[in-house]
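Me: I'd like to go through this one by asking what earns each label. Could you set the values against the cut-offs for me?

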Amino acid sequence: MSGDTPLLTVRGLRKHFLVRGQSGWGGKQRLHAVDGVDLFVRRGETLGVVGESGCGKSTLARLLVRLIEPDVGDVIFDGAAVAARGGISVRALRRAVQMVFQDSLASLNPRLTVEATIAYAPIVHGAPVAEANRRARAMLAQVGLVPEQFADRYPHELSGGQRQRVNIARALALEPRLLILDEAVSALDKSVEAQVLNLLLDLKDELDLTYLFISHDLNVVQYLSDRVLVMYLGRVVEVGPVEAIYERPAHPYTRALLAAMPTMDPDARADEPPLQGDPPNPIDPPSGCRFRTRCAFAEAACAAVDPPLAAVDGAGGEVLEPDHANAGAHYASCLMSVAGSGHSRAPARIGVAA
Amino acid sequence: MTEPLLRIEALRIAVRNSERSVEILRGVSLDLARGEVLCLLGESGSGKSVTLRSVLRLLPDKGTTISGRIAFEAEDLFELPMSALTALRGRRIAMIFQEPATALDPVYTVGRQIVETIRRHEGVSNAEATGRARELLERVQIPLAERRLLAYPHELSGGMRQRAMIALALACRPALLLADEPTTALDTTVQIQILLLLRRLQRELGLSIIFVTHDIGVASEIADRVAIMYAGRIVESGPVRDVLRRPGHPYTEALLASTLRRGERGHRRPAIPGAPPDPAELPGGCAFAPRCGRAEAACSEGMPPLVLSAPDHCILCRRPVNLGA
C-alpha cells in the first residue's frame, strides 16, 4: 500500500440499537449510537476521540474491531475492506487492531496468570506455547513490569496501574499496528495515570504504533493526540489537528466543552456554565444539527439542515471530501462554517472564479 | 477566634476483616469554619470518603474501631445517643453522593421524598412542605419545578437527578453539607453546572461544605481550603491558592506536577514512581517516603513533624519544599 493511504478509513458507519421504550411497555425505540461517521487514522499518528456520555465514542471503538456489527458503512484497514470480498477478514483485522478498555480488572480473566493472559491470543493464533510464553515475558518487561516478579501473579494481586500495564502488554502481544485505547487511563489515579501515559508514548515510538485514543478527558487527549475528533450524539462535529481544535475550535460544542474544563486556577474560576442541561437522549435526537437544542447560536436553518463536515480554515467554508493527505485539514459540521448555508453567521461565498 | 462549626480531632479508624485489623485513618484532625468550603483531596484509598462518612457515623459498627473526637456545633458526635444523631442527620448535616441512585428512592416521586423529609424533621403541614419542595427545586434550577415534583428519579436525566439530590439534601436547611465526589460521574459540561450551583447555594445559604474529590481541577473551582490526604493522614492543608501555587509536601508537589494541564503536549511526564501503599502494609514513618525523591533515612522512622509554611498552611513532612517565600 502506498505511504499516504490511511491505516484506517471509516465511511458512513452507522449503528442503531433497538431498545425497550422508557415506559417499559410499548414498542421498541431506536437508539442512534453511531449515526453516519466518517474518519481516517493516518499511519503513526494518534487520533484522539472526545465526547460526552452517549456520544457514541465507545460504540465506535467496538464497531471498528467488529465486537458489534455495523448496520451500514465501510471500515477499510490498510486499503482492504473489512469482511468484504477481496478484503481483510475479521480474524485478520483483530490481529492488526487491538483494544484496551477502561476497566482493567473486568478485562482480565481472573483465573489466568499474567503470563498466560498475555500468551493466550498468540497461542490461539497459532504460536507455539513455549515461544508465546517467552514473548509474554518480554512484553511484560516492555511495559515496565519485572517478569520474574509478575509473570505468575493473578489479576487480583495487582494494582490498577499494574493491571492496565498487563492489558496493554496483552494487546501488544499480537504485534498489532493499531491500538484502540477506550478510556484506558480514566480509572487510574493521577499519579499512576502519568506513568501509563509515559508508557504509551514510549511504546508508540519503540513499536511504531498508531493509536486511536478515546477519552472524555480533554487534557489527556490534548497531551497524546496529533489530531482530535469531537463527537456529539453519534456524529462527528469537528475534526482537525490538535492545535486547531484546542486553540481555534470552530464548532460551538467544541468551544463549550473546552470552556467547561476546570481551570486549575482558583483566581480564574468560571462564572457561567457554557452549556445548560444534559446532552439529549440519543433515542430521539433533534432534527438538523443535533447540537442546536443547547447551542447559543441556533437559528431556524439549524433545525432544517443537517450540517455537513466543511473545511474551516482558509477554504471559505467549502464542503469538501475529507482529505487524509492534508495533515492540517480542519473540519466542522456547523452551518456557521458553511458558506451560503442560510445561517446569519455563515461566511460569505468566495468569488465564483473557480 | 470563633468556634469552628466542625472539629475533627485525632480521628483513627481501624477496620477488622477476618484475619487482621487495618488502620485506614491514622490521626486525622481538621477544623471547618462556618461558611467555609473545604476539599478533601486524595487518591483512591487515601481515606477521604471514610473521613466524610465518619462525621455522620455511617460506618458499620461491627468490625470498626474508632478513636478520636468529632465535635459539631460543640457537640461530641460520638457521645450522642442514636435518637439525637438521627435528628441531626438530614436536618443539620446533610450528605450528597457520586451516584444519586444511592440517595433517591426509586419508588417515590422526587417531590414526595422532599416533602417527607421536611415533615419528618419539622412537623409542618403537607401543603407547606410541598410549597417548600417546589421552592427547593427552583433553587437548584430544575426547570418546570411544579411538574418535576411528580417525576420519579428514573425519569430525570443524570444532571437533573444530581440537582434533585441536592434539593433533598438542602430540604431542612442544614448548616453542613457533606459532598462525596458529587460531580465525578458527570460529563464535563454538566459538572461545571453542578459546581457553580453548589457555589451559589453555599453563598446564598451560608453553608459549610466538605467536598471529597480526587480531581485537583474540581477543587480549584470550589474550595476555599484544601486538605491533601495520603494513606490515612492529612499531609498538607491550607488555602487553595497557597497549596496549588506553593505546595509544601513533596506528595502534593508531585501530584500537581503529574496532573495534566491545558495545553500540555507530548513530552514525558514527571510521574510519581510506584503506587499508593496498601493500608495493611504501611511503611513506618512517613507513608510517602518510599515514593519520595526527597526522603532521607529519618523519614522512615517516626511520625513526620507538622510544619507551618504560613499561619494557616500546614505540612506534615520532615523535608518540605517551597518553604519561605
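Me: What makes Arg241(B) and Asp267(A) a salt bridge?
Reply: Their closest N and O atoms are 2.5 Å apart. The rule asks for a side-chain nitrogen of Lys or Arg within 4 Å of a carboxyl oxygen of Asp or Glu, so the pair gets the name. The pair crosses between chains, from helix H9 (residues 240-245) of chain B to the loop between H10 and H11 of chain A; helices here are DSSP runs of H or I with at least four residues, and strands are E runs of at least two, numbered from the N terminus. Side chains of opposite charge can pair when their charged atoms come close. Keep in mind that this is a predicted model, where local features need pLDDT of at least 70, side-chain atom pairs count only at pLDDT 80 or more, and totals for chains, interfaces and linings use all residues. Residues are numbered from 1 along each chain as written, chains are lettered from A in the order written, and side-chain values use heavy atoms, leaving out hydrogens and water.

Me: Why is Arg241(B) called partly exposed?
Reply: Buried means under 20% relative accessible area and exposed means over 50%, with partly exposed in between (1.4 Å probe, protein chains only). Arg241(B) has 37%, so it lands in the middle class. Asp267(A) goes there too, because its value is 47%.

Me: How many salt bridges cross the interface of chain A and chain B, and how many residue pairs are in polar contact?
Reply: The rule finds four salt bridges across it. There are also 31 residue pairs in polar contact, both at pLDDT 80 or more. A polar contact is a pair of N or O atoms within 3.5 Å; within protein, one must be able to donate a hydrogen and the other to accept it, and residues adjacent in sequence count only if both atoms are side-chain atoms. On the side of chain A that touches chain B, the largest share, 10 residues, comes from H7(A).

Me: What does the contact between the chains add up to?
Reply: It takes 49 residues from chain A and 48 residues from chain B, with contact meaning heavy atoms within 4.5 Å. Together the chains bury about 4,000 Å², 50% of it on carbon and sulfur atoms. That is accessible area (1.4 Å probe) lost on putting the two parts together, summed over both. Tyr223(A), Met264(A) and Arg269(A) supply 19% of the area that chain A buries against chain B, more than any other three residues.

Me: Why does His32(A) count as buried?
Reply: Its relative accessible area is 16%, under the 20% limit, so the label holds. His32(A) sits in strand S2 (residues 28-41) of chain A. Among the residues it touches are Lys15(A), Leu233(A), Pro282(A) and Arg290(A).

Me: How do you know that His32(A) and Asp35(A) make a polar contact?
Reply: A distance of 3.3 Å joins their side chains, and the limit is 3.5 Å, so they qualify.

Me: What makes Asp35(A) and Arg290(A) a salt bridge?
Reply: Their closest N and O atoms lie 2.5 Å apart, and the limit is 4 Å, so the name fits. The two are 255 residues apart, with Asp35(A) in strand S2 and Arg290(A) in the loop between H10 and helix H11 (300-304) of chain A. Both are buried.

Me: And what about Lys190(A) with Asp217(A)?
Reply: At 3.7 Å, N to O, this pair is also within 4 Å, so it counts as a salt bridge. Lys190(A) is in helix H7 of chain A. At 18% relative accessibility, Lys190(A) falls under 20% and is therefore buried.

Note on methods:
Lists of a residue's contacts leave out its neighbours within four places in sequence.
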